[in-house]
Amino acid sequence: MRIVLPGAETRFIEAITHGGAFLSVGGPRPNTMTIGWGSIGDFWNRDVMTVAVRPSRFTHEILEREGEFTVSVPAADRPLSRELRFAGTVSGRDEDKFRGHGLTAAPAKSVGAPIVGECALHFECRVLCRTEMDHMDPGVLPRFYPDGDLHTLYLAEVVACYETK
Ligand SMILES: Cc1cc2nc3c(=O)[nH]c(=O)nc-3n(C[C@H](O)[C@H](O)[C@H](O)COP(=O)(O)O)c2cc1C
């Protein structure tokens, strides 16, 4: 699929570098977590989003099983800073983040994972490739991975991209 919404990729990069975006997964216990790392570009003649999720995250466990996720980006005039902080510090193992914290799981169009209803821009993604980090630069390894929780990289086709509200 090709993204046709003007500026969607830039808004995604802006969001993750300034506060974060919500990565949501579905299945029996839908969950969302804040992401600050990622990219979007061309792989295999498709629009592909790459996200990095550490194995310690509850989201990782679900993503491994479901193979689908969404990324929801807050609107500029509603940055959802408190909610991003919450989703980025509390684990879905301990709390249902879609209950009582100002985050609504709304149905997506093409994947089983929900979108965050309070956000303005949404990407629906299907994982094409997952890969472990290998040959890590010695300057990066000790700073970001002192306890070895190396991110899994997910390269996922953007199967839908749209705005709500
Ligand atoms: C601004 C911000 C950005 C983050 N980016 C990532 C990320 O890209 N990858 C990751 O694995 N964790 C990231 N985190 C940490 C997770 O969001 C956090 O550990 C979360 O509680 C995991 O939730 P879960 O256990 O329900 O999956 C980030 C946290 C914050 C606050």
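## Close-up views of a predicted model

Buried residues account for 47% of the chain's 165 residues. The model is predicted. The legends below start with the whole chain and then go to single sites.

**View 1. The whole chain holds four helices and nine strands.** Read from the N terminus, the order of elements is α-β-β-β-β-α-β-α-β-β-β-α-β. Along the principal axes, the C-alpha atoms fill a box of roughly 45 × 40 × 30 Å. The radius of gyration is 15 Å, which agrees with a compact globule of 165 residues, expected near 15 Å. Among contacts with a separation of 6 or more, 72% join residues 24 or more positions apart.

**View 2. The surface of the chain covers about 8,300 Å² of accessible area.** Carbon and sulfur atoms own 52% of this surface. The chain carries 18 positive and 22 negative charges. The mean positions of the two sets lie 4 Å apart.

**View 3. The largest nonpolar core has 28 residues.** Which members touch the most other members? They are Leu23, Ile35, Met49, Phe69, Val71 and Phe123. Helices α1 (8-17) and α2 (58-66) each supply at least two residues of this core. So do the strands β1 (21-25), β2 (31-35), β4 (46-53), β5 (68-73), β8 (121-132) and β9 (152-163). Another core, of nine residues, lies apart from it. Its members include Leu84, Phe98, Val116 and Cys119.

**View 4. Phe123 is one of the core residues that touch the most other members.** Neighbours within four places in sequence are left aside for its contact list. On that count, Phe123 is in contact with Ile3, Ala8, Phe12 and Ile40, among others. The list also includes Met49, Phe69, Thr70, Val71 and Val73. Val158, Ala160 and Cys161 are in contact with Phe123 too.

**View 5. Helix α2 has five residues listed as buried: Phe58, Thr59, His60, Ile62 and Leu63.** Against which strands do the buried residues of α2 pack? The partners are β1, β2, β4, β5, β8 and β9. An α-helix has 3.6 residues a turn, so residues three or four places apart point the same way. Gly67 follows α2 and has a positive phi, near 70°.

**View 6. Asn31 sits in strand β2.** Is Asn31 buried or exposed? Its relative accessible area is 2%, so Asn31 is buried. Residues up to four places away in sequence are not counted among its contacts. Asn31 touches Leu23, Ser24 and Val25. It also touches Phe58, Thr59 and Ile62, three residues that are buried in α2. Gly92, Lys97 and Phe98 are further contacts of Asn31. Phe98 is one of the members of the nine-residue core.

**View 7. Asp47 is placed in strand β4.** Asp47 counts as buried because its relative accessibility is 10%, under the 20% limit. Which residues does Asp47 touch, leaving out those up to four places away in sequence? They are Met1, Arg2, Ile3, Gly41, Ala156, Glu157 and Val158. Ile3 and Val158 are also in contact with Phe123. Asp47 and Cys125 are 78 residues apart along the chain. Their C-alpha atoms are separated by 9.8 Å.

**View 8. Ala106 lies in strand β6 (residues 105-106).** Its relative accessible area is 18%, so Ala106 is buried. The limit for buried is under 20%. With neighbours within four places in sequence left aside, Ala106 is in contact with Pro114, Ile115 and Gly117. Glu118 is twelve residues from Ala106 along the chain. The C-alpha atoms of Ala106 and Glu118 are 9.1 Å apart.

**View 9. Trp44 has a positive phi of about 55°, although it is not a glycine.** Where does Trp44 lie? Trp44 is in the loop between β3 (38-43) and β4. Trp44 counts as partly exposed because its relative accessibility is 48%. Partly exposed residues fall between the 20% and 50% limits.

**View 10. His135 also has a positive phi, about 50°, and is not a glycine.** Its place is in the loop between β8 and α4 (141-144). Is His135 buried or exposed? At 76% relative accessibility, His135 is exposed.

Methods: Residues are numbered from 1 along each chain as its sequence is written. This is a predicted model: local features need pLDDT of at least 70, side-chain atom pairs count only at pLDDT 80 or more; totals for chains, interfaces and linings use all residues. Side-chain values use heavy atoms; hydrogens and water are left out. The radius of gyration is taken over C-alpha atoms; the globule rule is 2.2 Å times the number of residues to the power 0.38. Buried means under 20% relative accessible area, exposed over 50%, partly exposed in between (1.4 Å probe, protein chains only). Contact means heavy atoms within 4.5 Å. Accessible areas come from the Shrake-Rupley method with a 1.4 Å probe; for residues, only the protein chains shown count as cover. Lys and Arg count as positive and Asp and Glu as negative; His and the chain ends are not counted. The place of a charge is taken as NZ of Lys, CZ of Arg, CG of Asp or CD of Glu. A nonpolar core is a set of buried Ala, Val, Leu, Ile, Met, Phe, Trp, Tyr and Cys residues joined through side-chain atoms within 4.5 Å.
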